[in-house]
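Here are my notes on the model, set out point by point. Please read them with the structure open.

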Amino acid sequence: MTLAGLTTGLVNHLAVVNLRLALLEGSEPQAAADAAIDLMKRILIEAGMSEQEADIRLISARELVDLVVSQL
């Protein structure tokens, strides 16, 4: 597995974890989803990724988070 694949997998996992934490705190589902993706984007940018790279890594995370929200 490549580093890009590992990064994407980790971002997906952390986005869902952040979503679940926000929901447990009482946030509305869509607001929680947006906050989870925003947090992951900020972390990736602070880690040295460009905004464009971060957006690419977050495509599957956004799809996964939206799927979780749609199941609520």
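1. A definition comes first. A nonpolar core here is a set of buried Ala, Val, Leu, Ile, Met, Phe, Trp, Tyr and Cys residues joined through side-chain atoms within 4.5 Å. Buried means under 20% relative accessible area. Note also that this is a predicted model.

2. The core. The largest nonpolar core has 17 residues. L19, L58 and V65 have the most contacts inside it. Three elements give two or more residues each to this core: α1, α2 (29–46) and α3 (51–70). The largest share comes from α2, with six residues.

3. V65 in detail. Set aside the neighbours within four places in sequence. V65 then contacts A15, V16, L19, A33 and I37. One of these partners, L19, is itself listed with V65 among the residues with the most contacts inside the core.

4. Overall fold. The protein has three helices and zero strands. The order from the N terminus is α-α-α. The radius of gyration is 12 Å, close to the 11 Å that the globule rule gives for 72 residues, so the protein is as compact as a globular protein of that length. Along the principal axes, the C-alpha trace spans about 35 × 25 × 15 Å.

5. Contacts along the chain. Take the contacts with a separation of 6 or more. Of these, 61% join residues 24 or more positions apart. One pair distant in sequence can be checked directly: G9 and S60 are 51 residues apart along the chain, and their C-alpha atoms are separated by 9.0 Å.

6. G9. This glycine is found in helix α1. Is G9 buried, partly exposed or exposed? G9 has a relative accessible area of 39%. That value falls between the 20% limit for buried and the 50% limit for exposed, so the residue counts as partly exposed.

7. Burial and surface. Buried residues make up 29% of the 72 residues. The accessible surface of the protein comes to about 4700 Å². Carbon and sulfur atoms account for 60% of that surface.

8. A nonpolar surface patch. Which residues form a nonpolar patch on the surface? They are V17, L21 and L24, with about 290 Å² of accessible area together. V17 lies in helix α1, which runs over residues 3–24. The relative accessible area of V17 is 31%. Patch residues need over 30%, so V17 passes that cut-off. V17 is classed as partly exposed.

Terms used:
Residues are numbered from 1 along each chain as its sequence is written. This is a predicted model: local features need pLDDT of at least 70, side-chain atom pairs count only at pLDDT 80 or more; totals for chains, interfaces and linings use all residues. Side-chain values use heavy atoms; hydrogens and water are left out. Patches are made of residues with over 30% relative accessible area and no salt bridge: like charges are joined within 9 Å, nonpolar side chains (Val, Leu, Ile, Met, Phe, Trp, Tyr) within 5 Å. Accessible areas come from the Shrake-Rupley method with a 1.4 Å probe; for residues, only the protein chains shown count as cover. A salt bridge is a side-chain nitrogen of Lys or Arg within 4 Å of a carboxyl oxygen of Asp or Glu. Helices (H or I, at least four residues) and strands (E, at least two) are DSSP runs, numbered from the N terminus. Buried means under 20% relative accessible area, exposed over 50%, partly exposed in between (1.4 Å probe, protein chains only). Contact means heavy atoms within 4.5 Å. The radius of gyration is taken over C-alpha atoms; the globule rule is 2.2 Å times the number of residues to the power 0.38.
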